Amino acid sequence: MTAPGELIIEPKDGQPADACVFILHGLGADGHDFEPLVPALALPKDSHVRFIMPHSQRLPVTINGGMVMPAWYDILAMDLGRRVDERQLKQSAERIHTLIQEQIDQGIDSQRIIVAGFSQGGAVAYHAALTFPAPLGGLLAMSTYFATADNIDLADANRQIPIEVQHGNFDPIVPESLGRSGADRLKAMGYAVNYRQYPMAHALCPQQVNDIGKWLSARLA
C-alpha cells in the first residue's frame with residue numbers, strides 16, 4: 001500500500017510534543033476533515049500534543065458503484081453487520097502501526113499515544129489499537145463498528161487500554177446498533193468500555209466534542 005501522507009498539527013506553543021493523537025477520517029473524506037476539531041477540544045494550555053490525521057488511499061468502493069474515492073478499505077455490502085474487505089482494512093491498520101512506531105522512535109511514550117477514528121476510520125482504529133504490540137494510551141471509536149471482531153489477533157499489551165465508544169442515536173449511515181454491538185463485543189472479550197450516545201446523525205455534536213476534550217485531557221494528564 002502506498003501511504004498518501006498525513007496532516008500533522010504540532011503543539012501551538014512551539015514546545016516539543018510529548019503525546020500524540022491519531023484521528024482516522026471516514027469514507028470519502030481526508031485528514032483535513034477533523035482539522036477544525038483540534039482547537040475546539042480546548043485541551044489544557046500546558047499540554048503538548050501532536051495530532052496526526054492520515055489521508056487514506058483511494059479505492060473503488062463496491063457499495064458506491066465502484067467509484068474511486070478516499071477509503072481505508074472496500075465496503076462490499078451494507079448489510080446488518082457490514083461486509084468489508086478485511087485484507088485492505090488490516091493493511092490500513094498496519095500502516096497506522098508504522099506511523100505509531102515512528103512516534104515511539106521519536107521519543108513519544110507509547111502510553112501517551114491515542115488512536116481515534118470516525119466511521120470507516122473507526123473500524124481501522126479498532127483493529128490498529130487492539131493489535132498494537134506496545135501499550136497505548138487509549139482508543140476512541142466514533143460513529144463506527146468493530147468490523148474485524150470475528151477475526152482479530154488481540155495484543156496482550158493492550159488488554160487494559162482505555163476505550164471510549166461514541167455514537168449518534170439518529171445515525172442513518174452507521175446505525176447505533178452497530179456501535180453498541182461493537183462495545184458489547186469488546187466487553188465480552190474482557191475490555192473495559194465506556195459507551196456514550198448523542199442525539200445526532202452521522203457527525204459530531206458540541207456535547208461530544210466537549211466530552212472528547214475531557215477524555216483526552218484525562219488520558220494525557
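How many residues does helix α3 have, and how far does it reach from its first C-alpha to its last? In this model, which is a predicted one, helix α3, residues 120-131, has 12 residues and reaches 17 Å between those two atoms, close to the 16 Å expected at 1.5 Å a residue. As for its surroundings, α3 is mostly covered, with 12 of its 12 residues buried, and among them you will find Q120, Y126, H127 and T131.

Let me set helix α5 beside that, residues 206-219, where the 14 residues should span 20 Å at 1.5 Å a residue, and where the end C-alpha atoms are indeed 20 Å apart, which agrees. The buried residues of α5 are Q208, V209, D211, I212, G213, W215 and L216, and these pack against strands β2, β8, β9, β10 and β11 as well as against α1.

I turn now to strand β3, residues 49-54. Is this strand enclosed or open? Six of its six residues are buried, so β3 is largely enclosed by the rest of the structure. In a regular strand the side chains alternate between the two faces of the sheet. With that in mind, please look at each side of β3 in turn: V49, F51 and M53 are buried on one side, while R50, I52 and P54 are buried on the other, and both faces are therefore covered, with six of six residues counted as buried.

Which strands pair with β3? Strand β1, residues 6-9, pairs with β3 in the antiparallel sense over four bridges, and there I8 stands opposite I52. Strand β2, residues 19-24, runs parallel to β3 and is joined to it by four bridges, with F22 having I52 as its bridge partner. I52 is thus a useful residue to find on your screen, since I8 stands opposite it and F22 is bridged to it.

Following the chain out of β3, we come to H55, which lies in the loop between β3 and β4. Is H55 buried or exposed? Its relative accessible area is 17%, and because buried means under 20%, H55 counts as buried. Leaving aside neighbours within four places in sequence, H55 is in contact with P4, G5, E6, L7, H25, D30, G31, H32, W72 and R95.

Beyond that loop, strand β4, residues 58-61, and strand β5, residues 67-70, pair in the antiparallel sense over four bridges, and the bridge partner of P60 in β5 is V68. The hairpin they form has five residues between the strands, and in it G65 takes a positive phi near 70°.

Next, the largest pocket, which holds about 350 Å³ of space. It is lined by 15 residues, of which K12, V38, L43, P44 and S47 are the closest to its centre. Both α1 and β3 supply at least two residues each to this lining, whose residues divide into nine nonpolar, two polar and four charged.

Finally, for contrast with the buried elements, consider A188, which lies in helix α4, residues 176-188. A188 is exposed, with a relative accessible area of 70%, and its C-alpha atom is separated by 21 Å from that of G137, which is 51 residues away along the chain.

Methods. Residues are numbered from 1 along each chain as its sequence is written. This is a predicted model: local features need pLDDT of at least 70, side-chain atom pairs count only at pLDDT 80 or more; totals for chains, interfaces and linings use all residues. Side-chain values use heavy atoms; hydrogens and water are left out. Buried means under 20% relative accessible area, exposed over 50%, partly exposed in between (1.4 Å probe, protein chains only). Two strands pair if DSSP finds at least two bridges between them. The expected span of a helix is 1.5 Å times one less than its number of residues. Contact means heavy atoms within 4.5 Å. On a 1 Å grid over the protein atoms alone, a cavity is a set of points where a 1.4 Å probe fits but cannot get out, and a pocket is an open set with protein on both sides within 12 Å along at least five of seven lines; lining residues have an atom within 4 Å of a point. Grid points are joined across faces, edges and corners, and a volume is the space filled by probe spheres set on the points. Ala, Val, Leu, Ile, Met, Phe, Trp, Tyr, Cys and Pro count as nonpolar, Asp, Glu, Lys and Arg as charged, and the others, Gly among them, as polar.
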